[in-house]
2 protein chains.
Amino acid sequence: MVRAPQDGSGAPLAIIAGGGQVPLHLARSLSDKNVPFVVVMLEGDADPALAEYEHIAVNTAELSRFKRYMLDRGVEKVTLVGTVKGRPDIGLFRPDWTTLRLIARIVRALGKGDDALLRAVVAMMEDGGLTVVGAHEIEPDLLAPAARLGKVSVPKSQQAAIEAGIVAANALGALDAGQAVVVLGTRVVALEGAEGTDAMLQRVADLRAIGRLGRRKGGVLVKLRKPGQDIRVDMPTIGRNTVAGAASAGLAGIAVHGENTLVMDRQTTIADADAAGLFLVGLDPHAVERTWTGEHTR
Amino acid sequence: MVRAPQDGSGAPLAIIAGGGQVPLHLARSLSDKNVPFVVVMLEGDADPALAEYEHIAVNTAELSRFKRYMLDRGVEKVTLVGTVKGRPDIGLFRPDWTTLRLIARIVRALGKGDDALLRAVVAMMEDGGLTVVGAHEIEPDLLAPAARLGKVSVPKSQQAAIEAGIVAANALGALDAGQAVVVLGTRVVALEGAEGTDAMLQRVADLRAIGRLGRRKGGVLVKLRKPGQDIRVDMPTIGRNTVAGAASAGLAGIAVHGENTLVMDRQTTIADADAAGLFLVGLDPHAVERTWTGEHTR
């Protein structure tokens, strides 16, 4: 199972794998192309199917094991993909690698949002001599374009919902609370917190089923990168689950941050959207970011 | 069951009653004091127990019935209390009372948030010659003070959560999406949309139970009046449900907009909070409103 470098570039890439489909998707793609890589599986989050590849399973907080494993294999580049549901267990932190300064940074970040935590992890990796790259730098075809993806165009009736969603998602992102909102008409009916996008869409489906959202049809899921978010980590991600959830919630479509969002299983995801009659559009990133009122405030 | 005016002031007050405990609470209190009133029960929302008082049950959109009923009884003042879960059924609008201008206003508001809808209803009432008053003007003891309500003080460890919650709830309110957020440390983990505060607290309890919120204990529910919200309608409300929900979610306490929040069943609610070890505090409204970046933007 040891995967020797095969492309002459030498050092393997490390995939720090959280939950969801992105890490496995990326691993399969790299494997198909014979790109050398190792997987750091975050316990409780990473898909067990990743154990098929060269891997180590670690608790998020076991910094010493990360480090030794990557040094032993000559890793120079790492990418962080997938969701981290749990929060690191502070009791497991081993200060043999990190300096006290770094531990202090992590502990501070633990009380903040995902973005703050991830920035601290990235800084720690970089202090350890590693280069952190975005999944889209390894697999450019993962990235949503700033254009319509499927066959369904955005109806005029949903334009105002998209505009309101951009404002709301940017406000939500500025709080470092989440990336996604659901808008009906111009009414923001759901905002993503720690529950994640899929659970939020299920909530909208439930509210609609019991008549809490009125009779207005349609509505839009808008998912954007947080203002000031490091594009290399925790990029907004959509896939087949997202399309299924949006369809269950009775939405008209999905609008994402063009050139700043990962689309998993692109072909099937687009086909699902087409089949469900949902539009799927990557928004012009300049238009999205024009409403940013400044950089991240914390 | 006809309730004749008994205090010499003549005209009865109309309680436009949505869901939740506030309308019944108010009706009982007025009845105890022999203040004349009638209840307009919004179908599907109002507590059936209100039928004990002089009432009419109407669909939110049946404006003509509202009007005639109130005119017949000489109503001059109305108060809108409780939550409106559904959205008015546009098909039921009867344009015999409202002008086209008013209908246009309602239809526009339907696509917006609760606040926009309620402002349109208030404008319509006022155009109809009625005076709209806040529930706290009728029952001043419903209003939370800007002070600690129970025995438990706010621990120093939760001050930062309250501060972050004020910022987040104000941002949420500026979107006209909701009034309440839950903050752990300084991480905003849940934001209230159409689901309401109780459902949001249940979500936090569920996320905590499955370990999605890490090991950090405590956390705060912050509930504020929306920036620019008409204080006479849809005031933030808490009660025994809120305390029970916050306790289930493992929170340390509840912070509300002092002098701008209704506290139902005040004595029992405070006793419940004390028994659960939760703090319950009304925040200084000047401190809350200092972070408003301007009036409501829509």
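Two strands are taken to pair if DSSP finds at least two bridges between them. In the predicted model analysed here, strand 6 (residues 180-184) and strand 7 (residues 187-191) of chain A meet this criterion, being joined by 4 bridges and running antiparallel. Within this pairing, L184(A) has R187(A) of strand 7 as its bridge partner. The hairpin formed by the two strands of chain A has 2 residues between them, and G185(A) adopts a positive phi near 65° there. In strand 7 of chain A, 5 of the 5 residues are buried, so the strand is largely enclosed by the rest of the structure.

At the level of the whole chain, the secondary structure of chain A amounts to 10 helices and 12 strands. Chain A has 298 residues, of which 57% count as buried. When contacts in chain A between residues at least 6 apart in sequence are considered, 75% of them join residues at least 24 apart. An unreviewed UniProt entry lists residues 148-281 of chain A as "domain: LpxI C-terminal". The end C-alpha atoms of this span lie 4 Å apart, and its composition is 37% helix and 19% strand.

The largest nonpolar core comprises 46 residues, and those with the most contacts inside it are V181(A), L191(A), V181(B) and L191(B). Beyond residues up to four places away in sequence, V181(B) touches a set of residues that includes G165(B), A168(B), A169(B) and L172(B). L191(B) is also among the residues touched by V181(B), as are V220(B), L221(B) and V222(B).

Helix 8 (residues 240-248) of chain A contains the buried residues T242(A), V243(A), G245(A) and A246(A). Viewed down the helix axis, the buried residues of helix 8 of chain A fall within an arc of 165°, so they line one face of the helix. In general, residues three or four places apart point the same way because an α-helix has 3.6 residues a turn. The cover over the buried residues of helix 8 of chain A includes helix 7 (197-209) and helix 9 (266-276), together with strand 8 (220-223), strand 9 (237-238) and strand 10 (253-257) of chain A. Helix 8 of chain A is followed by G250(A), which has a positive phi near 75°.

Two further buried positions were examined in chain A. H136(A), in helix 5 (residues 135-138) of chain A, has a relative accessible area of 13% and is therefore buried, the limit being under 20%. Apart from residues up to four places away in sequence, H136(A) touches L143(A), I231(A), M235(A) and L262(A). A46(A) occupies the loop between strand 2 (37-42) and strand 3 (55-58) of chain A. A46(A) counts as buried because its relative accessibility is 12%. Outside its neighbours within four places in sequence, A46(A) is in contact with A17(A), G18(A), G19(A) and M41(A). The C-alpha atoms of A46(A) and G214(A), which are 168 residues apart along the chain, are separated by 39 Å.

In chain B, an open sheet of 5 strands with parallel pairing has the order 3-2-1-4-5. Its edge strands, each pairing on one side only, are strand 3 (55-58) and strand 5 (131-132) of chain B. Strand 4 (residues 77-81) and strand 5 of chain B pair in the parallel sense over 2 bridges, and T131(B) of strand 5 is the bridge partner of K77(B). Helix 1 (residues 22-32) of chain B lies across strand 1 (13-17), strand 2 (37-42) and strand 4 of chain B, and runs at about 160° to strand 1 of chain B.

Notes:
Residues are numbered from 1 along each chain as its sequence is written. Chains are lettered from A and ligands numbered from 1 in the order in which they are written. This is a predicted model: local features need pLDDT of at least 70, side-chain atom pairs count only at pLDDT 80 or more; totals for chains, interfaces and linings use all residues. Side-chain values use heavy atoms; hydrogens and water are left out. Buried means under 20% relative accessible area, exposed over 50%, partly exposed in between (1.4 Å probe, protein chains only). Contact means heavy atoms within 4.5 Å. UniProt positions are given in the numbering used here, feature names are shortened, and annotations may be inferred rather than shown by experiment. A nonpolar core is a set of buried Ala, Val, Leu, Ile, Met, Phe, Trp, Tyr and Cys residues joined through side-chain atoms within 4.5 Å. The arc is that of the directions from the helix axis to the C-beta atoms. Axes are lines fitted to C-alpha atoms, for helices over the stretch in contact, and angles run from 0 to 180 degrees between N-to-C directions.
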